[in-house]
Number of protein chains: 2
Amino acid sequence: MPLTAPAMSLRERKKIDTFRALASTAVKLVNERGLDNVTVEDISAEVGVSPRTFFNYFACKEDAVVIAYPDYAQHGEQAAETLLAAPPELSALEALTSALVSHADRIQEDREEWLHRIAVIEANPSLVSRLIAIGGESELSMLTAIGRRTGLDPEEDLYPGLLFSAVCGVFNAAVRHWYRLDGKQPLEELVRAAAAALAAGLPDPGKN
Amino acid sequence: MPLTAPAMSLRERKKIDTFRALASTAVKLVNERGLDNVTVEDISAEVGVSPRTFFNYFACKEDAVVIAYPDYAQHGEQAAETLLAAPPELSALEALTSALVSHADRIQEDREEWLHRIAVIEANPSLVSRLIAIGGESELSMLTAIGRRTGLDPEEDLYPGLLFSAVCGVFNAAVRHWYRLDGKQPLEELVRAAAAALAAGLPDPGKN
DNA sequence: CCACCATTTTGCACATCCTGCAATTTTGCA
DNA sequence: TGCAAAATTGCAGGATGTGCAAAATGGTGG
């Protein structure tokens with residue numbers, strides 16, 4: 001368990017364990033039977049907690065499949081910090097790209113689990129929505145950060161939202177392609193390639 | 001009712017009317033009370049149909065807010081056709097942009113309703129997910145069309161998915177910005193501007 | 001080891017969501 | 001009018017999700 005820091009009370013460790021157990025069990029069961037044939041009761045029973053406890057950790061069944069770690073809520077702010085910490089000579093797109101790359105690294109670290117998770121998501125499209133919703137929660141901090149770097153007000157100017165949406169889309173495409181390649185090509189490479197194509201204005205590859 | 005063609009049986013017209021009534025009532029009520037304080041029963045009662053009938057039209061409450069027209073399912077294929085029909089000298093990005101613009105026109109036609117709908121969606125972020133999911137249903141036909149234009153297999157090559165995701169994100173950003181401007185600037189202009197920025201590689205505006 | 005407080009888990013009640021099925025009503029057409 | 005297709009409806013029932021209060025458990029100090 002690379003996530004459980006040593007200086008942690010038993011209580012907190014148990015909480016994290018329960019979270020991870022619920023999340024991975026959800027992925028496992030949904031992978032075996034399909035989303036509709038798995039109930040919250042099934043997942044809870046497999047982990048050994050009451051269904052009520054499940055809802056103390058996740059707002060809905062889908063979240064258990066989609067949310068990998070208990071600290072997911074902070075990911076947005078972490079990415080925003082990464083963005084602001086990038087060398088000032090980089091353009092906003094370049095800085096954002098570097099933030100994406102470190103995000104990719106974290107996914108790569110839990111390669112197996114993520115490949116599994118993406119498989120389940122691809123097989124159950126309704127989960128995509130949930131995933132987007134989660135990502136959307138980090139939107140505010142990201143837009144603020146982009147606004148700071150570019151000196152533009154995200155409320156007033158089209159550019160920050162434009163950049164963010166485009167980059168999210170590109171990252172998403174890279175991850176899905178990574179999955180289609182069974183994770184054999186490093187996600188970082190794919191993300192870099194995708195970002196490079198974006199920076200080049202998505203030129204028609206046939207016109208080369 | 002601009003959508004009800006004259007050569008249509010009473011049956012079909014009533015179906016469309018019911019659909020539109022449910023959709024617009026859903027938007028209205030959710031706008032007034034918030035998503036959580038509106039039940040399917042409320043919406044059905046206001047329209048004058050049974051709750052069971054509601055579910056004959058929509059898979060879930062959210063869909064009634066998000067899906068504007070009964071033929072939404074065909075939009076993906078229509079867009080794909082538009083894409084293939086675009087002049088062959090255009091790049092894939094340019095062709096896709098022109099498809100987006102005609103999509104923008106359709107939204108512009110029902111300006112009021114859409115502004116209302118977007119307001120509700122912005123106020124209830126969980127709806128965004130649903131919206132994305134709907135858009136995702138058109139993904140396959142779009143990817144196929146992009147693959148045809150570029151001569152690339154969407155399964156094998158990163159580019160088609162990349163282009164599609166980026167363009168969707170950009171369109172999304174343009175629509176939201178349109179909403180923030182109260183629809184005062186033509187959506188078409190915003191979409192064109194956004195697509196132009198994308199084609200230019202999203203250069204940092206500060207570096208001008 | 002015990003006692004005490006904070007946190008977590010749990011059971012229970014309850015509203016809502018959503019589906020399948022069979023009965024009923026409505027529409028289209030001859 | 002009368003028949004066939006299609007739409008609406010009620011009902012039964014499983015599943016989701018929330019609030020609340022009781023019970024179990026971890027942390028801490030005596």
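How many residues of domain 1 of chain A are in contact with domain 2 of chain A? In this predicted model, 13 residues of domain 1 meet 12 residues of domain 2 in chain A. The domain assignment places residues 1-70 of chain A in domain 1 and residues 71-202 in domain 2. The C-alpha centres of these two domains of chain A are 25 Å apart. On the domain 1 side of this contact, α1 and α4 (61-66) of chain A each supply at least two residues. That side divides into nine nonpolar, two polar and two charged residues.

The two protein chains also touch each other. Chain A contributes 44 residues to the contact, and chain B contributes 44 residues. On the chain A side, α6 (92-109), α8 (126-136), α10 (158-180) and α11 (187-199) each provide at least two residues. Of the elements of chain A, α10(A) gives the most, with 15 residues. By class, the side of chain A that touches chain B holds 25 nonpolar, 13 polar and six charged residues.

The largest nonpolar core has 116 residues. Within this core, Val170(A), Ala194(A), Val170(B) and Ala194(B) touch the most other members. Val170(B) has partners in both chains. In chain A, Val170(B) touches Leu162(A), Ser165(A) and Ala166(A). In chain B, its partners are Ala194(B), Ala195(B) and Leu198(B), leaving aside residues up to four places away in sequence.

The DNA contacts were examined strand by strand. Around DNA strand D there are 19 residues. Ser9(A), Cys60(A), Val49(B), Ser50(B) and Thr53(B) come nearest to this strand. Chain A supplies at least two residues to the surface near strand D from each of α1 (10-33), α2 (40-47) and α3 (51-57). In chain B, α1 (10-33) and α3 (51-57) each do so. The surface near strand D comprises six nonpolar, six polar and seven charged residues.

Around DNA strand C there are 20 residues. Here Ser50(A), Thr53(A), Ser9(B), Leu10(B) and Cys60(B) come nearest. Two or more residues of the surface near strand C come from each of α1 and α3 of chain A, and from each of α1, α2 (40-47) and α3 of chain B. This surface has six nonpolar, six polar and eight charged residues.

Technical notes. Residues are numbered from 1 along each chain as its sequence is written. Chains are lettered from A and ligands numbered from 1 in the order in which they are written. This is a predicted model: local features need pLDDT of at least 70, side-chain atom pairs count only at pLDDT 80 or more; totals for chains, interfaces and linings use all residues. A residue is near a molecule or strand if its C-beta atom, placed from the backbone, lies within 6 Å of it. Helices (H or I, at least four residues) and strands (E, at least two) are DSSP runs, numbered from the N terminus. Ala, Val, Leu, Ile, Met, Phe, Trp, Tyr, Cys and Pro count as nonpolar, Asp, Glu, Lys and Arg as charged, and the others, Gly among them, as polar. A nonpolar core is a set of buried Ala, Val, Leu, Ile, Met, Phe, Trp, Tyr and Cys residues joined through C-beta atoms within 7 Å. A residue is buried if 20 or more other C-beta atoms lie within 10 Å of its own, exposed if 12 or fewer, and partly exposed in between; C-beta atoms are placed from the backbone. Two residues are in contact if their C-beta atoms, placed from the backbone, lie within 7 Å. Domain bounds come from an automatic or database domain assignment.
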